[in-house]
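Here are a few exercises to work through with the structure in view. Try each task before you read the solution under it.

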Amino acid sequence: MAVTPLRVLSVLALLGAVACSAESSRNEFSSGSGSGGDGAGNTGPGSGGAGGDLFGSTASGTGTNTGSGDNCSEAAKLVYVLSDENELYSFKPDTKQFTFIGYIDCPTALSPNSMAVDRNAVAWVNYVDGFDSQGALFRVSTEDASCEPTPAATLPSGWERLGMGFSTDVAGGEEETLYVAATASSAGLARIDTNTGTLSPIGPFSGSLAGQSAELTGTGDGTLFGFFTTSPVQVAQIDKTTGATSNSAALSTVPVPSAWAFSFWGGDFYLYTASLGTSNVNRYRPSDGSVDTAYMTSIGFRIVGAGVSTCAPVAPPQ
């Protein structure tokens, strides 16, 4: 779930550094400072070093390395991020590399807000107006940033501004569903039929996260997670059948952002956050509870959306 703009001049970052994002403001591209020590974040119930509570065997690295099957393109295994200036980048978290793809030019006066990526490496981009009174989804090529001429969906009232992520229907399967969270209301979780564009509400988030908004990321193991911009921010697992949240981890060292995005890749979560300037990339590793807020800093542009397909690795690359 994204929100405002900040200009970027292009290209590639070979330094530091699964969808969706959110924001409140834009910028230009240069390599971010990369390495830095892990800051141990305070964790909520079910987290701590117990990353297995969120992922079971996946977080410990014993899951399969691909999201679900080997019949995926290399492009479908990358993370993609979207700037508030409609710039599309691919991202390789293990090498901390952003690669500029192009400028998205969808036929809309709305602003980019969030993004998800399907198994065919097609990006689904959420656009909204400043009053959350209009919202639409467009399909965008991650090869050249070209946009389809008509929306894939026009969003209903209360669901204009979204957090988004694909998750496989079963662990290791190839069928997937696009899940969304309403960020301008407390409606919770819904799914979108990617053939018809129909949105079907599922249910509200639960416990201390009831009524909160979230960015989403899913996996090829059939799981779904939310990045909640509470104080402190939290990452939690989401039940895809009810919207109920569980296994939340409070990350006290990650600042509450004005622009944010979220992705899962290779056993870790990546939280893209910005306040007044350009984005930082924070890595949360559930297998040991560590939080690296200096993974990449001041990357030179402002991320409002991030997407990763269910083809992406669910365990650390070997």
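**Exercise 1. Find out how many helices and strands the chain has, and what share of the residues is buried.**

Solution. Keep in mind that this is a predicted model. Start with the secondary structure: the chain has 1 helix and 23 strands. Next, turn to burial: of the 318 residues, 58% are buried. Finally, look at the outside: about 11000 Å² is exposed, and 49% of that comes from carbon and sulfur atoms.

**Exercise 2. Work out which strands stand at the edges of the open sheet of 4 strands.**

Solution. Step one is to write down the order, E7-E8-E9-E10, with antiparallel pairing. Step two is to check partners: strand E7 (111-117) and strand E10 (153-154) each have a single partner strand, so one side of each lacks a neighbour in the sheet. Those two are the edges.

Now zoom in on E7. Its antiparallel pairing with strand E8 (residues 122-128) runs over 6 bridges. For a spot to look at, take Ser111, which sits opposite Val128 in E8.

**Exercise 3. Locate the disulfide of Cys72 and describe its handedness and its place in the chain.**

Solution. First, a reminder: a disulfide covalently joins the sulfur atoms of two cysteines. The structure holds 2 of them. The partner of Cys72 is Cys311, with the sulfur atoms 2.1 Å apart. For the handedness, use the torsion about the S-S bond: it is about -70°, so this disulfide is left-handed. Then trace the chain: Cys72 lies in the loop between helix H1 (52-55) and strand E4 (79-83), while Cys311 lies in the segment after strand E23 (303-308). That puts the two cysteines 239 residues apart, so the pair links distant parts of the chain.

Are these cysteines buried or exposed? The cut-off for buried is under 20% relative accessible area. Cys72 has 11%, so Cys72 is buried. Cys311 has 1%, so Cys311 is buried too.

**Exercise 4. Do the same for Cys106, then give the disulfide pattern of the chain.**

Solution. Cys106 bonds to Cys147, their sulfur atoms 2.0 Å apart. The S-S torsion is 100°, and the link is right-handed. Cys106 is in the loop between strand E6 (97-103) and E7, and Cys147 is in the loop between strand E9 (135-141) and E10, 41 residues apart. At 7% relative accessible area, Cys106 is buried.

Last step: count the bonded cysteines along the chain, and the pattern reads 1-4, 2-3.

How values were computed:
Residues are numbered from 1 along each chain as its sequence is written. This is a predicted model: local features need pLDDT of at least 70, side-chain atom pairs count only at pLDDT 80 or more; totals for chains, interfaces and linings use all residues. Side-chain values use heavy atoms; hydrogens and water are left out. Buried means under 20% relative accessible area, exposed over 50%, partly exposed in between (1.4 Å probe, protein chains only). Accessible areas come from the Shrake-Rupley method with a 1.4 Å probe; for residues, only the protein chains shown count as cover. Two strands pair if DSSP finds at least two bridges between them. A disulfide is a pair of cysteine sulfur atoms within 2.5 Å.
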